[in-house]
Amino acid sequence: MLSEEFVSAICGAPLSSNTSIAKDVGIYGHTLSPTYSVKYNFKKSSAPVNCVAVSDSHVYAAQENKAYVHVYSRIRGNQEAFVAFPERIRCLTLAGDVLILGTAEGRLMLWETATGRLVSTPARHVQAVSCVIATPFHVLTGSDDSDIHVWSLSSLLELTPSSAEHEPERSLSNHRAAITALSVNASVSYDTNLCVSASKDKSCIIWNYQTGDALRTLLFPSSPLCMSLDPAARAIIVGCDDSSLYMAEFFKGDSKALLGAQSEDAATVMQISQPFGATQPTGAGPASCLAFSYDGTTLLTGHPKGQIMKWHVVDNKAPVELTNLNAAVTNLVFVSPFEAKARNKATKTSTIVKPNQAERAYTVTTQLEADLRSQTRVDELVNSTGFSQQALENAIAAFQQTLVEKESEKKE
């Protein structure tokens with residue numbers, strides 16, 4: 001049975017002198033199912049919102065109002081490195097083995113953790129980068145200047161870049177206040193690349209970030225603080241500063257559908273006023289972070305007073321307090337329940353290489369996860385679910401060849 005794990009991070013001093021909670025712990029690793037428990041923890045970290053990223057082997061945590069990132073080894077269970085950067089870090093995310101960081105000066109930095117290579121862009125945002133997300137081909141940055149930039153990941157990581165400085169592919173500029181959150185779906189199709197942005201102007205906008213089209217605008221009673229797409233990109237959950245959660249479903253079988261053939265005109269603003277959940281948690285304060293489980297049935301929210309609340313998305317029941325960390329919960333990140341081999345990941349960075357801009361030749365330090373030997377036909381049949389693609393193609397080709405031979409015999 002697969003177990004569900006997630007990582008949480010806190011920021012700030014303890015709220016009370018609770019002796020049951022270990023001192024100086026800033027990051028917790030939890031097991032959600034089949035039974036909830038705290039699996040491990042790391043000390044000496046104070047990570048603000050959008051400042052934690054988790055890989056198969058490491059946890060990266062940018063520190064509050066500092067130019068430091070603490071790197072913790074999930075394999076060895078200790079703090080592996082203390083990494084300094086030229087500017088204060090406001091947000092970060094991972095794209096494979098590349099850690100992408102947004103700075104307080106409006107700059108984007110990319111650190112290849114397996115080589116130590118560090119790429120930095122000019123300050124294309126006029127204010128701090130408040131949130132950053134990555135897809136297999138793009139990086140999206142939101143800023144306090146209300147703009148969203150879409151970058152090509154391959155262009156940013158070019159080994160022989162052109163003489164021109166790095167520029168975003170396009171900018172999305174419909175918001176009128178600071179961007180607080182970004183969420184993107186897993187699609188790589190040009191027509192279904194959905195991104196949702198949340199802003200202090202009390203709105204969320206659904207974009208096709210490759211074309212730059214604003215597909216729909218949602219208006220909320222108060223400013224969104226955090227937001228996430230569900231794993232199937234069917235809906236978003238938004239946490240606002242009025243301490244309520246709101247859900248907006250994209251596809252419905254009526255005229256209220258936000259997207260699709262039956263939806264209204266894209267220029268029509270949709271007002272979202274009905275809170276999600278039968279009852280809202282009392283005394284917890286507004287959600288500062290939230291995360292969906294991998295199957296989309298469970299939602300976790302972190303709160304300034306230390307609570308992590310568990311919501312059942314399907315039943316829409318009252319939330320349950322999972323735990324209280326005695327400090328403001330700022331980050332929640334689910335860990336993939338599938339092994340790296342199941343995700344066709346051939347390598348794992350077991351030991352990171354600190355960034356160094358002075359180097360011009362880099363050595364890749366990584367651990368091979370895949371079997372480099374060529375796969376036999378028996379291995380392919382045994383490891384595939386049902387009939388493998390190659391076996392089906394060979395069978396179809398054999399049938400077609402037999403038909404051609406029979407037709408030629410008839411003609412003779």
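Reader: Before we start, which residues count as nonpolar, charged or polar here?

Author: Ala, Val, Leu, Ile, Met, Phe, Trp, Tyr, Cys and Pro count as nonpolar, Asp, Glu, Lys and Arg as charged, and the others, Gly among them, as polar. Keep in mind that this is a predicted model.

Reader: Got it. So what classes of residue line the largest cavity?

Author: Its lining has two nonpolar, six polar and four charged residues. Among them are Ser55, His58, Asp97 and Lys345.

Reader: And how much space is in there?

Author: The largest cavity holds about 60 Å³.

Reader: How many cavities of 30 Å³ or more are there?

Author: The count is two. The second largest cavity has a volume of about 40 Å³. Ten residues line it, with Ser243, Ser244, Leu245, Ala287 and His303 nearest its centre. Five of the lining residues are nonpolar, five are polar and none is charged.

Reader: Switching to pockets: what's the volume of the second largest one?

Author: About 570 Å³. It has 23 lining residues, and Ala235, Met247, Ala248, Glu249 and Lys252 are the closest to its centre.

Reader: Which element gives the most to that lining?

Author: Strand E22, with three residues. By class, the lining of this second largest pocket has eleven nonpolar, six polar and six charged residues.

Reader: Now the surface. Which residues form the nonpolar patch with Leu2?

Author: Tyr294 and Phe338 join Leu2 there, and together the three have about 310 Å² of accessible area. Leu2 sits in the segment before strand E1 (4-11).

Reader: Why does Leu2 count as partly exposed?

Author: Because its relative accessibility is 48%, and partly exposed lies between under 20% for buried and over 50% for exposed.

Conventions: Residues are numbered from 1 along each chain as its sequence is written. This is a predicted model: local features need pLDDT of at least 70, side-chain atom pairs count only at pLDDT 80 or more; totals for chains, interfaces and linings use all residues. Side-chain values use heavy atoms; hydrogens and water are left out. On a 1 Å grid over the protein atoms alone, a cavity is a set of points where a 1.4 Å probe fits but cannot get out, and a pocket is an open set with protein on both sides within 12 Å along at least five of seven lines; lining residues have an atom within 4 Å of a point. Grid points are joined across faces, edges and corners, and a volume is the space filled by probe spheres set on the points. Helices (H or I, at least four residues) and strands (E, at least two) are DSSP runs, numbered from the N terminus. Patches are made of residues with over 30% relative accessible area and no salt bridge: like charges are joined within 9 Å, nonpolar side chains (Val, Leu, Ile, Met, Phe, Trp, Tyr) within 5 Å. Accessible areas come from the Shrake-Rupley method with a 1.4 Å probe; for residues, only the protein chains shown count as cover. A salt bridge is a side-chain nitrogen of Lys or Arg within 4 Å of a carboxyl oxygen of Asp or Glu. Buried means under 20% relative accessible area, exposed over 50%, partly exposed in between (1.4 Å probe, protein chains only).
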